[in-house]
Amino acid sequence: MITRIEVDGFKSLRGFALDLEPLTAIVGANGAGKSNLLDALHLLSGLARTSVTEALKSGRGAIRDQFSRLRDGAAGRISISVEVLLGAYTYEGVAVDGFATRALCKIDLERVVLSSGIEDITIEEQQIRVLDGPAADPWIARHPALGPMAYYGSPGGSFEEGTFRLEGKRPVVGPDRRVLRQHRREAASDFWEDLGGPYHSLLASVVSGNALIARIAEELRAIRIVQFEPSKLRLPSDRAAGAVLAADGSNLPTALVALAPEIRAQIRADLAELIPGFRSFEVVPADEELRLEMEFTDGARVPARVLSDGTLRLIAFLTLLRGAPPGALLAVEEPENGIYPGRLRALIDKLVDATTPRGDVLPPQVLLTSHSPAILAALHGRPESLVFADLVRRGDELRSTRMRHVRADDGPERDPSTVSRREIERILDAARPEDEA
């Protein structure tokens, strides 16, 4: 679970910081930078898998477009930092106590124009460390239900629990320096090359015996950013299309079959509450493919190719949600598309329930982006889950994305980092059709 993200130098995110909830809905006008935050998360997830260049190439736009636009060109540096709450460490399926679960991961990319005219992009600095402790952890203080899952390591720490920082070609390990002593016969630059060099992050490298880095890498690789396409949700999928639901939903039948029977039963129960007349769904073999069909209480059996966009999006969304590993961040753009507002409210209620902590297992984390007043209305009673995005001009008069949480009440003290309920109501009123006013 990602509890805080800070970004600088990436698209419209300059000097940007935002605390995330188990359920966060970011609302704002088109062009406010909501998708840029998802792109930053996508980049971070890519850096945990592959090289800097490949991670940047997988984003929207050209590589240079990922760097913030300045008056004299593009920024030369991107910095992304996240604080995470990890699940319990397990070994061969058994939980092991004593491993830190609250940590920070920071990666800085640098863009340099070489004499040849080409640009070289490297990892200039990266840091992985355990957070200092509960007294210095305001996020956990605001989420007492998750407090028992936050562990900050043993006093003095270790390589697994301490700090690992790379600056240029100088690796620094702390608070103890066991790993440096282990490599004392090697030059620092050689040690860094063993970790993947300046073109791969620690997260994408194999560091023997380091549980913390491996667990953070797993957490970031599990980020799912989806924008379902109904035209692809309607199609049959290949039996070998993969068990993980694709970002566009194109392998929905295969992903459904891959789920455990009890999870498919939960999705059926969800749909029965959300879609009038729904009875069940089945995934039917069709030659080398799998096809989704839905059954209604009147006996009609309807193939996916004729289902409504909203119904298909609901099935895909619930497949993503119910099949997610504990603590995984699921980001969905414009979930309201094609969904009747009344069903959207019921879906939000499902998301609130699914992201509520219970027991000692982290719930999935959901991040929504929308410009719909229906999302605002559905979460009006949960201001802690609402974030408003807009563009502001900085000191250099360039526009940057700002995101502010909604205040629980409108007291006399005004906090510029938050938005009042009254401001949100004005947004709702401005967006409401005249015949509903």
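## How two helices cross

Helices α9 and α11 cross in a right-handed sense. In this predicted model, α9 covers residues 261-274 and α11 covers residues 341-354. Their axes lie 10 Å apart, and the helices pack at an angle of about 145°.

Which residues make this contact? From α9 come D270, E273 and L274, while α11 brings R343, A346, L347 and K350. Sorted by class, the contact of α9 with α11 holds four charged residues, three nonpolar ones and no polar ones.

## A look at helix α10

Now to helix α10, which runs over residues 309-322. Is this helix mostly covered or mostly bare? Mostly covered: of the 14 residues in α10, 13 are buried.

The length of α10 can be checked with a little arithmetic. A helix is expected to span 1.5 Å times one less than its number of residues. For the 14 residues of α10 that gives 20 Å, and the end C-alpha atoms are 20 Å apart, so the expected and modelled spans agree.

## The whole protein

Stepping back, how many helices and strands does the protein have? You will find 13 helices and 22 strands. The protein has 437 residues, and 51% of them count as buried.

Contacts can also be viewed along the chain. Taking the contacts with a separation of 6 or more, 61% are between residues 24 or more positions apart.

Last comes the outside of the protein. The exposed area is about 20100 Å², with carbon and sulfur atoms supplying 50% of it.

Notes
Residues are numbered from 1 along each chain as its sequence is written. This is a predicted model: local features need pLDDT of at least 70, side-chain atom pairs count only at pLDDT 80 or more; totals for chains, interfaces and linings use all residues. Side-chain values use heavy atoms; hydrogens and water are left out. Helices (H or I, at least four residues) and strands (E, at least two) are DSSP runs, numbered from the N terminus. Buried means under 20% relative accessible area, exposed over 50%, partly exposed in between (1.4 Å probe, protein chains only). Contact means heavy atoms within 4.5 Å. Accessible areas come from the Shrake-Rupley method with a 1.4 Å probe; for residues, only the protein chains shown count as cover. Axes are lines fitted to C-alpha atoms, for helices over the stretch in contact, and angles run from 0 to 180 degrees between N-to-C directions. A crossing is left-handed if the near helix is turned anticlockwise from the far one by less than a right angle, and right-handed if clockwise. Ala, Val, Leu, Ile, Met, Phe, Trp, Tyr, Cys and Pro count as nonpolar, Asp, Glu, Lys and Arg as charged, and the others, Gly among them, as polar.
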